[in-house]
Amino acid sequence: MFIPAIKGQGTEEQQHKWLPLAYKMAIIGCYAQTELGHGSNVQGLETTATFDPTTDEFIMHSPTVTSTKWWPGGLGKASTHALVYARLITDKKDHGIHAFIAPIRSLEDHTPLPNVTVGDIGVKFGNGGYNTMDNGFLRFDHVRIPRENMLMRLATVTKDGKYVRSNKPRQLGYGAMVFVRQGIVIDASIYLSRAVTIAVRYSAVRRQFGNKDEPGELQVIQYRTQQSRLFPLLATAYAYRAVGFWMKSLYADVMKRLNDNDFSTLPEVHACTAGLKSITTSVTADGIEECRKLCGGHGFLCASGLPELYAAYVPACTYEGDNTILLLQVARFLLKTLSQVSKVRPVGTAAYLGNIKQLSTQNCKVSQGHDWLNTSVLLEAFEARSARQAAAVALRLAKGSGSEAEFQENTPELVESARAHCQLILVSKFIEQLQTGTPEGIRKQLEVLCYTYAFSQLIDNAGDFLATGYVTGNQIALAKEELKHMFDKIRPNAVALVDAFDHTDDYLGSALGRYDGDVYTHLYKGAFKESLNDTVVVDGYEEYLKPVLTQNLWAPHSKL
């Protein structure tokens with residue numbers, strides 16, 4: 001985020017100075033926002049940057065233990081500079097959080113600069129996983145930096161200490177967040193597809209039990225219970241891939257608008273990227289763990305590749321915004337959009353709210369299973385559910401006092417409404433991909449996956465759909481039957497569908513997910529590479545095992 005933040009918040013002069021250095025790695029930068037005592041609550045950060053007009057410098061200081069910068073990736077050992085978020089203070093007045101570029105290590109010998117304390121925060125979850133990242137801590141003890149090191153696109157401090165806010169909206173700072181979050185959504189598709197590839201391939205190799213009608217044991221992938229857990233995850237990986245492509249174009253569009261001083265879409269884009277980051281990372285983390293379970297006991301082996309995949313991925317649920325907090329940001333956007341719907345026509349991913357009267361009064365007309373095989377029918381179901389949930393909580397808040405305490409009291413419902421909105425986006429963007437001129441053969445496969453994803457979301461959230469009154473229990477039952485038909489269509493192509501992700505064996509690092517399917521041979525050979533097997537007799541035998549084994553513990557204590 002170092003470079004995107006400079007692009008979004010630095011003046012042209014500052015960009016000309018810092019970006020070439022960063023691009024050619026003449027400096028190595030990190031993004032130092034989170035502190036030991038504050039993460040999502042950016043306004044609560046404690047690090048200070050106090051301006052000294054006598055020297056034309058800022059004094060960076062960490063006044064408390066909790067003000068220690070904590071978690072920035074690359075900070076622990078690699079970075080020479082940090083983009084530090086700190087409280088700007090001029091003439092004893094606090095102007096809130098601003099961004100500063102602070103040198104932290106010598107460019108001569110990489111030692112910490114005077115009065116800078118920096119290091120790695122320690123081992124994280126997993127044997128390897130995220131431990132390749134040098135997440136660090138950073139403290140300043142009255143460290144001076146030039147005034148020009150404050151990023152001044154959104155606000156400036158003059159030589160005499162006067163604070164001047166720019167006429168540019170502060171949302172320009174969202175550019176870095178949008179960039180990173182769209183990357184996180186794409187990563188979610190990649191990580192989930194890796195786990196699904198392993199689980200699908202192994203499910204096709206592993207055989208368990210059988211039935212009277214067929215000789216031998218059945219492939220695990222033949223069992224409906226395995227399909228009902230695995231195939232929706234396969235479809236989800238494809239859905240996230242589709243929305244990831246869309247988010248790339250969304251980011252390109254928003255940056256073009258920003259360069260043209262068009263800030264009209266920023267609130268919607270911020271809410272969209274925040275919500276999708278939350279949904280995709282939570283589902284992917286849970287999905288990787290589900291794939292591990294789907295691989296049975298062997299999935300628990302590090303040789304399966306799944307434990308470390310989970311350990312490497314699960315931090316995504318927290319970094320760049322706690323997932324629950326992000327959904328509440330989406331909820332605030334939905335509330336604001338609904339409050340203005342009579343005056344301003346919603347656009348983008350919230351456009352459906354402009355049709356809220358119809359969505360609130362008309363119910364689902366599905367009467368037979370095949371009626372669900374219509375993307376417009378499916379889309380309307382998700383729109384109605386989202387619109388009704390958002391309207392219900394908005395109405396509840398409107399009847400109250402409007403206090404923050406009342407908002408907090410309704411946060412569970414607000415989170416659910418935000419989640420419904422994000423699931424609608426995912427379904428709609430998957431549907432849109434089917435209409436982009438994809439070759440017919442591929443389109444048919446994607447259509448099956450799209451229906452699988454949408455039906456699984458409909459069924460998993462059946463309580464919400466039923467509670468809004470849009471669908472009936474019978475219509476949910478019909479969707480369940482259609483989902484089974486989708487499983488039957490996926491099954492013959494399941495292995496080919498994961499092969500299409502094109503993950504090499506080296507990249508997967510999994511004995512279970514090998515392309516050639518020779519699982520058991522490689523599990524067996526791999527066991528001999530375990531360090532415990534370097535010796536035939538285990539170290540410690542003489543000291544610990546032999547004394548126990550040579551005791552006559554079972555000698556009778558009395559004559560029979």
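A charge is taken to sit over a ring if NZ of Lys or CZ of Arg is within 6 Å of the ring centre and within 35 degrees of the ring normal. In the predicted model described here, Arg194 lies over the face of Tyr507, at a distance of 4.3 Å from the ring centre. A further arrangement of this kind involves Arg332, the charged end of which is placed over the ring of Phe407, 3.9 Å from the centre of that ring.

Aromatic rings also pair with one another, and a search of the whole structure returns 11 aromatic pairs. One of these is formed by Phe382 and Phe465, whose rings meet edge-to-face with 5.2 Å between centres and 85 degrees between planes. This pair connects distant parts of the chain, since Phe382 belongs to helix H9 (residues 375-398) and Phe465 to helix H13 (residues 462-468), the two residues being 83 residues apart. Phe382 has a relative accessibility of 0% and therefore counts as buried, the cut-off for burial being under 20% relative accessible area. Phe465 likewise counts as buried, because its relative accessibility is 0%. Elsewhere, Phe51, Phe58 and Phe100 make up one aromatic cluster.

In soluble globular proteins, nonpolar side chains tend to be buried together. In the present model, the largest nonpolar core comprises 111 residues, within which Leu234, Leu276, Trp372 and Leu449 have the most contacts. Helix H4 (residues 224-259) supplies the largest share of this core, namely 17 residues. When neighbours within four places in sequence are left aside, the contacts of Trp372 include Cys364, Val366, Val377, Leu378 and Ala381, and also Tyr451, Phe455, Leu458, Val471, Gln475, Leu478 and Ala479. Another core, of 25 residues, lies apart from the largest one and includes Ala49, Phe58, Leu88 and Val118. Phe58 thus appears both in this second core and in the aromatic cluster with Phe51 and Phe100.

Val118, also listed in the second core, stands opposite Leu138 in strand S8. Strands S7 and S8 (residues 136-140) pair in the antiparallel sense over 5 bridges, as part of an open, antiparallel sheet of 3 strands in the order S4-S8-S7. Strands S4 (69-70) and S7 (116-120) occupy the edges and have a single partner strand each, so that one side of each is left without a neighbour in the sheet.

At the start of the chain, an unreviewed UniProt entry annotates residues 1-28 as "domain: Acyl-coenzyme A oxidase N-terminal". In the model, this span is 71% helix and 0% strand, and its end C-alpha atoms lie 12 Å apart.

Technical notes. Residues numbered from 1 in each chain as written. Predicted model: local features only at pLDDT ≥ 70, side-chain atom pairs only at ≥ 80, totals over all residues. Heavy atoms only, no water. UniProt positions renumbered as here; feature names shortened; annotations may be inferred. Helix = DSSP H or I, 4+ residues; strand = E, 2+ residues; numbered from the N terminus. Core = buried A, V, L, I, M, F, W, Y, C linked by side-chain atoms within 4.5 Å. Buried < 20%, exposed > 50% of the residue type's maximum accessible area, 1.4 Å probe, protein only. Contact = heavy atoms within 4.5 Å. Phe/Tyr/Trp six-rings, centres within 6.5 Å; stacked < 30°, edge-to-face > 60°. Pairing = 2+ DSSP bridges.
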